[in-house]
Amino acid sequence: MLALSLNPPIASGTLATIAGVLGALAVVAYILKMRRRRFEVPFSSLWHRVLKEKESTSLWRHLRRILSLLLQLLIIALLMFAVLNPKLGSQPKDAKNVVIIIDASASMKTADATPDEKKNPPPKTHEIKRILQAMSTGSRSVTIGKRKYEWPRKEYAEDEAKRVKAAQKLLADMASDNKDKARQAMMAARTVVQAAVNSGNSRIEAAKQKAIELLDEMGGADKALILKMDGQSTPMGRFSDDKLKLKKQVARITASDTPADLHRALSAAVDALRERDNPMIVIVGDGAYPSEVLRLASWDKSKPIVVDTSELTVAEVRSILKKITRGQYFGDQAEAKAALAALDAKKPNAV
Amino acid sequence: MAAPQPKTKPAVDDRSDLFNEEFLKKLEYLHVVSRKVFSGRIRAERKTKKVGSGIEFADHRKYYAGDDFRYIDWNLYGRIDKLLLRLFEEEEDLYIYILVDCSQSMGIGNPLKLHYAMQVGAALGYIGLANLDRVAIIPFSDDLKGRMPPARGKGRIFKIFEFLRNVEMGGETDLAACLTKFVHQNKRRGLAVVISDFYDPRGFIDGINALRFNKFEPFVLQVYDEKEANPALHGDLTLVDCETGELKEVTITKRLLEEYKKQHEIWCGELSEFCTARSIPYFRTHTGIPFDDLVLRIFRIGGFLR
């Protein structure tokens, strides 16, 4: 069902005042414009004769006369409607409040996609220069021989520009006559290139990607909070329904060197969700979260839905999010998968 | 309720250059042409049915007691022994009254209809003067606006110019009132040339009939501006009647314009039909036609001088 919700950013009284003033202005402008051009005729009787015969169409003429005014008022009404910030999707009472916990612990630095270093050895010295050259032009991959080296795009244009600049500087230093300087630059370049190539396959990048895909699934009135989980839990912003803003917050997350403190992150999420409707916690990470800890996420009487997405694909998560009802939670993978299977087998919302 | 006055004066009523040398030359030319057209006529006379003290012999009639002895034809008495009177055709000047409409509506157009009417009036007046007729100029709008008394002889044309230059423009058109007043003021019958746009909401019939019924010979000259017949208007307008100040709001459409043109044509047609049915000479012209062309056309068709 198509549902529409209004989220006025300012008090509706103020909005009504603004609408009234704009409407009045339009009417006044219209009346001012209505002052017609005067034209002197020698003999108005002739015009009377002509116009008498036109009386029958006068209704339409009057209508057409105010058509422009009606159009203006319509435009103002549409503007006001836009200010009311209408959202397609769930009604506000169905809107979910989601805390997305992104695991940024040391384990997330691992590059899963390249577990076998023999198959995918680090780039050789002569390759480093070519990779660096590709990097300095702003491209994100280069194929040398049979192997394709990839590194992810830095989220902000600024960062990307910095990387390009750094690559250019390293290249320049490597070409320097000073041998010491060239050697140092070569070493630095090796580190940079390895880090860049590895970062493309790291778990944190995958988690961020998943979080972004999940954000795309959000309904219009749904609100989310991004929580970075490492040794401490850091909220990246406030509850918001602005997907673009949330995605930027996600992009800012980098993996740290501390272990994940799930307990702390969950209590922070629970604190944030307290008193909010349809609470939900989604954990994006590399798994291995003890279910007894996950079960701790609760307050007075209610419990948020907790979804650990570690080993679920985005499609699966989407399916769960659609079907699960309030009060349900999935402590671990097995439980989530089982619930999903049950949902598929039985009618929806019956778990 | 005071009707609001129209804001804009449409054109400047500057008459200083109206009767210049060029104009005089044209008048002289028209005069020469008129002599050609009416050649064979004895100058300066209209033969009237009235028989009296003229030069030219007309007829004889029986003498009755009381007749003037001086007109008895004694030669005839000697021959046939009967008293008969010699009758002569009485020669009489024709009176030409040129009535020029100078109401506000004549102040429209380029050139002003009023200027055009004055030029045509002066030209016809000149032809009349040159034929030794008596020419009077009478401007009118809602009332007669003074009058230039009948004058005779070519030399008086400058008086006509002077008079026309000082005629005041303004007021509504009231043909019936003006022409009725005119026939009451002028006992000498004659040709009454009415030069007007005939934009009288009360109609023209009463006015022209006033002339006819009092034995004047009406001569109708309708002047209009090309833009009155084909107005180039568009959009939302407030039409102001330049005479009454009456306002009328219209939204001009192509169809409305077509309708207006049709109505204008009908209005002019009514006047034309009325005149034709009563064998009144009728000419209709817009101000784009040079006045001398119009006068030549009048000569050709006849009606002004007989």
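**Helix packing in chain A and a sheet in chain B**

Let me start in chain A, where A:K208, A:A211, A:I212 and A:L215 of helix α7(A) meet A:K243, A:L246, A:K247, A:V250 and A:A251 of helix α8(A). By class, the residues of this contact between α7(A) and α8(A) comprise 6 nonpolar and 3 charged, with no polar ones. I should say at once that what we are looking at is a predicted model.

As for the geometry, two packed helices are described by the angle between their axes and by the distance between those axes. Here α7, residues 203-216 of chain A, packs with α8, residues 243-252 of chain A, at an angle of about 170°, and the axes are 10 Å apart. Since an angle over 145 degrees counts as roughly antiparallel, that is how α7(A) stands to α8(A).

Turning now to chain B, we find an open sheet of 6 strands, ordered β5-β4-β3-β6-β7-β10, in which the pairing is mixed. The edges are taken by β5 (148-151) and β10 (282-286) of chain B, each of which has a single partner strand, so one side of each is left without a neighbour in the sheet. From one strand to the next, the twist averages 15°.

Within that sheet, β3 (residues 95-101) and β6 (residues 191-196) of chain B pair in the parallel sense, over 5 bridges, and if we look at B:V100, its bridge partner in β6(B) is B:I195.

Finally, there is a helix to place against these strands: α8 of chain B, residues 254-277, lies across β7 (217-224) and β10 of chain B, and runs at about 155° to β10(B).

Terms used:
Residues numbered from 1 in each chain as written. Chains lettered and ligands numbered in written order. Predicted model: local features only at pLDDT ≥ 70, side-chain atom pairs only at ≥ 80, totals over all residues. Axes fitted to C-alpha atoms, helices over the stretch in contact; angles between N-to-C directions. Helix = DSSP H or I, 4+ residues; strand = E, 2+ residues; numbered from the N terminus. Parallel < 35°, antiparallel > 145°, perpendicular 65-115°, else oblique. Contact = placed C-beta atoms within 7 Å. Nonpolar A, V, L, I, M, F, W, Y, C, P; charged D, E, K, R; others polar. Pairing = 2+ DSSP bridges.
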